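Welcome! Have a look at the sequence and the model below, and then follow the notes to find your way around.

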Amino acid sequence: MPSSAPGTSRTGRIAVIGGGPGGLYAAALLKRLDPRREITVWERNAPDDTFGFGVVLSDETLGGIEHADPVVYAALRDEFVRWDTIDVVHRGTTQTSDGHGFAALGRRRLLQILHERCASLGVRLRFGAEAPPAAELAAHHDLVIAADGVRSATREDRAAHFGPRISTHRNRYIWLAADFAFDAFRFEIAETEYGVMQLHAYPFSPDASTVIVEMREEVWRAAGLDTCDATESTERCAKVFAEALGGRPLRSNNSSWLTFATVTNTHWAHGNTVLIGDAAHTAHFSIGSGTKLAVEDALALAACIEEQPDLPTALAAYEAERRPVVLSTQRAAAASLRWFEELPLYVDQPPRRFAFNLLTRSRRVTHGNLRLRDSDFTGAVEAEFGCPQGTPPMFTPLRLRGLELRNRVVVSPMDMYSAVDGMPGDFHLVHLGARALGGAGLTMTEMVCVSPEGRITPGCTGLWTDEQATAWSRITRFVHDSAPGAAIGVQLGHSGRKGSTKLMWDGIDQPLDEGNWPLSAASPLPYAPGVSRLPHALDRAGLDTVRTQFTDAARRAARCGFDLLELHCAHGYLLSGFLSPLTNRRTDAYGGRLENRLRFPLEVFDAVREVWPEDRPMTVRISATDWAEGGTSPEDALGIARAFAEHGADAIDVSTGQVVPDERPEYGRSYQTPYADRIRNTLDVPVIAVGAISSWDDVNSLLLAGRADLCALARPHLYDPHWTLHAAAEQGYEGPGAPWPLPYRAGSRTPPTGRTDAPKPRLTLG
């Protein structure tokens, strides 16, 4: 059993499994904090064995090391190679961006520094030795730190407790090195006869660089690299990127072709055993995060053990502190990983846009902070995009048929559940009017239902009567008269199997207690089994009736003066229910393969397009994934978007999910935009991106990178009806893309918040 002599720390005996940077640094910190601790590190490899070559650490991580252990920091500082330039080489052009700030050193040298520090502090280092099983160590130590990497035996032995989830990805990559120092972080794209290959390279010493070569699995196989040994693979990679290498060779270090594995765990601690580094989590190498995260884990773990009254509390505090940081990093890494997996989509972009897209791929670098880092580069990208001088991308116009939107901001459709008998009232006038006055190029209504039976709740608006049309005309007239240049669009839809429910704040998706109406759907499947009411499957007559309801509503919408019409084919409502294989189980011409599942939504689209004025645009909102197994696939999403575009849709509004209740969305900042990006850059059709886009910086970044043509924001416009005008003011923009209404013009500058004219100190006297 663990034991501690009187006066020793409550974590007197510590076992560390794995002698990588995270495990070594944790051992050094804990020993330094209490020299009485008995700490042993088990490392299966020899001291000078290592895999990979260079390690990149951020200034933030180095700052933490400096405060925690100045000795280690000083040793690292003396070894670092620093640079601040990124070169993006593609199709014979090199785009250079400055101001990024990197620091790197050799992985072997990093380990040597940590070995020396551990030895000087009295940590026992056992090289070439397999650690005893974690359970055995836990019985004889106060704390077991599992730093045994991505293939952690500790994690797998206790999988029932840690709850690991490991996802592999589609690209192959290999770690190599060049015996010279690149003068920048270099990304180079090679379009070979087999497909696209990419190089990531950076210096880690005055005479050496890390080189990673990456490509899709199918390209790797087509090139025959799956049959090459390490030597042949190294030679082949050097040949592909001979110009970048100046004809010099590459070398390997037990290098092999890998697929990246993303590791997550439900829990990071069990009993007195805790996971750190790659054993707990991984993040793709393209954002340089592996060693950084491991070192930061070690810092946080040591601090929590020092600060908390007992080990269980300390381990809980460690996980609570680190998990949000790691999840944020993993989201950024996942975005970067997907970008490189989808690289062939972007190779035809103009050179500067391509480089900007690459630099902002993880969403951690944005238009705003890239402008601060390198205004010349960002200005050149804006000019290539077509921004007039001094105009942010979001305030450039966009034409769809006869409609010119003055900017790229859309107030996303948001159900307000505030109508009576489908009639929009004063609330809707104020709600939509305020947002139109607030500067958005396009303000969308909520889903306007085409029939009483097509409502989600009793509070939903409609356009099935002329009286409703008259009420909507009042709103469109106000927008056009009071917010000149602003456009207003209508979204038409039918609730399908998700109808006859309570108002959102009374119980979302819960059936009404009384006053229900019959539900219809593609198939007789309730939305939430055991909770929702059972819909009936539409027969031929029912299909015809629904189509007529849509065209009647569209005619009324045209007379109301709406500038744009959107057909709602997302979120599990009626037309969406035909598109998803999870909700369409029909065996007739409207079910089965995608072509059939598209049939009725396209029939409705064609009928609406025929009665909607030719010069006014139509868009379609789709759910590009159901976030559920067996649902809409990426290929399905492309097929759906392609079909609507071929039938005349002027833009695809790309949302996701809300089709089945057991969905598992991967929430995060701008989490739905990759789906819009893929559709836009595969099909070359305009797209509206939506989903947790919250800042004007994100809007500018998405537009400038070519991932979207319009950005729809919902909650930011609930928080601030004048979000767009305030975005203009904050960017110092006063042009035609964001005109302030005359009565509001006096408020077009940010109000002062306090005195800012205090005199600055001029002298410091000793």
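**A covered strand and an exposed patch**

Strand 5, residues 86–90, is mostly covered, with five of its five residues buried. Keep in mind that this is a predicted model. The notes below start with this strand and then move on to a patch at the surface.

**The two faces of strand 5**
- In a regular strand, side chains alternate between the two faces of the sheet.
- On one side of strand 5 you will find Ile-86, Val-88 and His-90, and on the other Asp-87 and Val-89.
- Both of these faces are covered, as the residues on each side are all buried.

**The neighbours of strand 5**
- Strand 6 (residues 93–97) pairs with strand 5 in the antiparallel sense, over five bridges.
- Within that pairing, Val-89 has Thr-94 of strand 6 as its bridge partner.
- Two residues lie between the strands in the hairpin of strand 5 and strand 6, where Arg-91 takes a positive phi near 50 degrees.
- Strand 11 (residues 185–192) runs parallel to strand 5 and is joined to it by four bridges.
- Opposite Asp-87, in strand 11, stands Arg-186.

**A nonpolar patch at the surface**
- Met-504, Trp-505 and Ile-508 make a nonpolar surface patch of about 340 Å².
- Trp-505 is part of helix 18, which covers residues 504–507.
- Is Trp-505 buried or exposed? Trp-505 counts as exposed because its relative accessibility is 52%, and the cut-off for exposed is over 50%.

Technical notes. Residues are numbered from 1 along each chain as its sequence is written. This is a predicted model: local features need pLDDT of at least 70, side-chain atom pairs count only at pLDDT 80 or more; totals for chains, interfaces and linings use all residues. Side-chain values use heavy atoms; hydrogens and water are left out. Patches are made of residues with over 30% relative accessible area and no salt bridge: like charges are joined within 9 Å, nonpolar side chains (Val, Leu, Ile, Met, Phe, Trp, Tyr) within 5 Å. Accessible areas come from the Shrake-Rupley method with a 1.4 Å probe; for residues, only the protein chains shown count as cover. A salt bridge is a side-chain nitrogen of Lys or Arg within 4 Å of a carboxyl oxygen of Asp or Glu. Buried means under 20% relative accessible area, exposed over 50%, partly exposed in between (1.4 Å probe, protein chains only). Two strands pair if DSSP finds at least two bridges between them.
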